[in-house]
Amino acid sequence: MTTPAFSLDTLRAQFPSLSLTDGDKPRVYFDNPAGTQVPQQVIDRTLEAMVNKNANLGGYFTTTVAADELVNEAHQAMADFYHANSAREIVFGQNMTTLTLHMSRCLGKRFSTGDEIVLSRMDHDANVAPWLLLAEDRGLTVRWMDFDPETYEFADDALTKVLSPKTKLVAMGFASNCTGTINDVKHFAKQAREAGALFYVDAVQLAPHCGIDVRDLGCDFLVSSAYKFFGPHQGILWGREALLDETFSYKVRPAGNDLPHKFETGTLSHEGMAGTFGSIEYLASHGGSPGASGKTYAHMSERGAAIHRAFDVFTDWEHQLCNRLIAGISRVKGLEIRGITSPNAVHRRVPTVSFTLEGHTPQSLAKAFAARNIFVWSGHNYAVEPVTRMGLMDKGGVLRVGLAHYNTVAEVDGFIAALDQIKG
């Protein structure tokens, strides 16, 4: 392995939680797919908002004016993060699930009995259940994109097989929170667009690992949660401005019809928006100089380009850690990794590695790792469809290990050694 192209010690020092111990045991955060740790910048922004900007919007006094400025800054920061055309395309909400439940209802006004929607067998249930509920209420037909359980990827024609003239919407994940697979969203969005269907993307698992460019993807909606990319519990949806403008919104009567506020129900978490702003500032601060990563992002805002450069550097380190983890656990007899394993294909996955081990339930493994202060998740992790597709729902699901750019070689090697001890 090579050393990362950034000072890992300096970076880790920005995260207060990474230095915590329990007794004499350091905490090893491999639970990142369920929520990452936050840097001091996020904490500072959150505290500042609650102390100095704690008011509702639209008034004339000091704190309400400051809150207005904060909300505008947060919208623009997320527009840069997604490479959106305008801050008017950014909708804040409680989390990705809540936003998708809300947006599914709003979009449902466009659909009629007999229309079809396409869902993915690889998705987190937050991008499945809202659409299933809508289909039940509106009399829609649900068709499914299926992935290959041997390769853990979709075939190029997986979507065209189920598209029809009646298809009104396709919903799929950018990256799986179970298999780790990164899906070719741009490819499938083009197919959906040619069929006249809307394309809704869950980018929750991709957002902590790769830069996002909604203009390039060709999708219609994309949503993620800030607590997965080093921020607070906050959901952020992007939608095409013209589409958002014409879409019905469920809202209270005093709320206006201006974007994006007609979709932002009630009083938002301003402190959450401040923390989200802080996470974007953190990412941009690691963007280095233009051209340093060998790529150019001249078409983006300065902050957007810096975020993409930061991810270029972080991704290289994550790939190294992921390959080391996969190589180490692959040697364990009876262990099956439920995802892409080839080092040459690591760019087609995020560093979320799920596996099963003969003779051990995922829950017993998770408890054994927790006793060693290594934090991992077990079960279906809300990935009901892929876990069911792999025949693991009645077997306890999977043991999931999720890496982030602040993790270390020593942590990966420690996990491998602990697995050897636990297996016995």
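Analyst: A residue is buried when its relative accessible area is under 20%, exposed when that area is over 50%, and partly exposed in between (1.4 Å probe, protein chains only). This is a predicted model, in which local features need pLDDT of at least 70 and side-chain atom pairs count only at pLDDT 80 or more, while totals for chains, interfaces and linings use all residues. Residues are numbered from 1 along each chain as its sequence is written, and side-chain values use heavy atoms, with hydrogens and water left out.

User: Is Ala-366 buried or exposed?
Analyst: Ala-366 lies in helix α11, where helices (H or I, at least four residues) and strands (E, at least two) are DSSP runs numbered from the N terminus. Its relative accessibility is 11%, and therefore Ala-366 counts as buried.

User: How far apart are the C-alpha atoms of Ala-366 and Leu-399?
Analyst: Leaving aside residues up to four places away in sequence, Ala-366 touches Val-376, Ser-378 and Leu-399, contact being heavy atoms within 4.5 Å. Although Ala-366 and Leu-399 are 33 residues apart along the chain, their C-alpha atoms are separated by 6.9 Å.

User: How is the direction of α11 relative to α13 classed?
Analyst: Helix α11 (residues 362-371) packs against helix α13 (residues 409-423) at about 120 degrees, and their axes are 11 Å apart; axes are lines fitted to C-alpha atoms, for helices over the stretch in contact, and angles run from 0 to 180 degrees between N-to-C directions. Angles under 35 degrees count as roughly parallel, over 145 as roughly antiparallel, 65 to 115 as roughly perpendicular and the rest as oblique. The relation of α11 to α13 is therefore oblique.

User: Which class do the residues in the contact of α11 with α13 belong to?
Analyst: From α11, Leu-365, Ala-368 and Phe-369 meet Phe-415, Ala-418, Leu-419 and Ile-422 of α13. Ala, Val, Leu, Ile, Met, Phe, Trp, Tyr, Cys and Pro count as nonpolar, Asp, Glu, Lys and Arg as charged, and the others, Gly among them, as polar. With no polar and no charged residues in this contact, the seven residues are nonpolar.

User: Which strands are at the edges of the open sheet?
Analyst: Seven strands make up this open sheet, in the order β4-β10-β9-β8-β7-β5-β6 and with mixed pairing, two strands being paired if DSSP finds at least two bridges between them. An edge strand pairs on one side only, and this holds for β4 (90-93) and β6 (141-145).

User: Why is β5 described as largely enclosed by the rest of the structure?
Analyst: Glu-116, Val-118 and Ser-120 point one way from β5, while Ile-117 and Leu-119 point the other way. The strand is largely enclosed because, of its five residues, the number buried is five.

User: Which residue of β7 stands opposite Glu-116?
Analyst: Strand β5 runs parallel to β6, with five bridges joining them, and β5 also pairs in the parallel sense with β7, over three bridges. In β7 six of the seven residues are buried, and the residue of β7 opposite Glu-116 is Thr-167.

User: Which residue of β8 stands opposite Ala-171?
Analyst: Five bridges link β7 and β8 in the parallel sense, and three bridges join β8 (residues 198-202) to β9 (residues 221-225), also in parallel. On the β9 side, Val-201 stands opposite Leu-222. On the β7 side, Ala-171 stands opposite Tyr-200.
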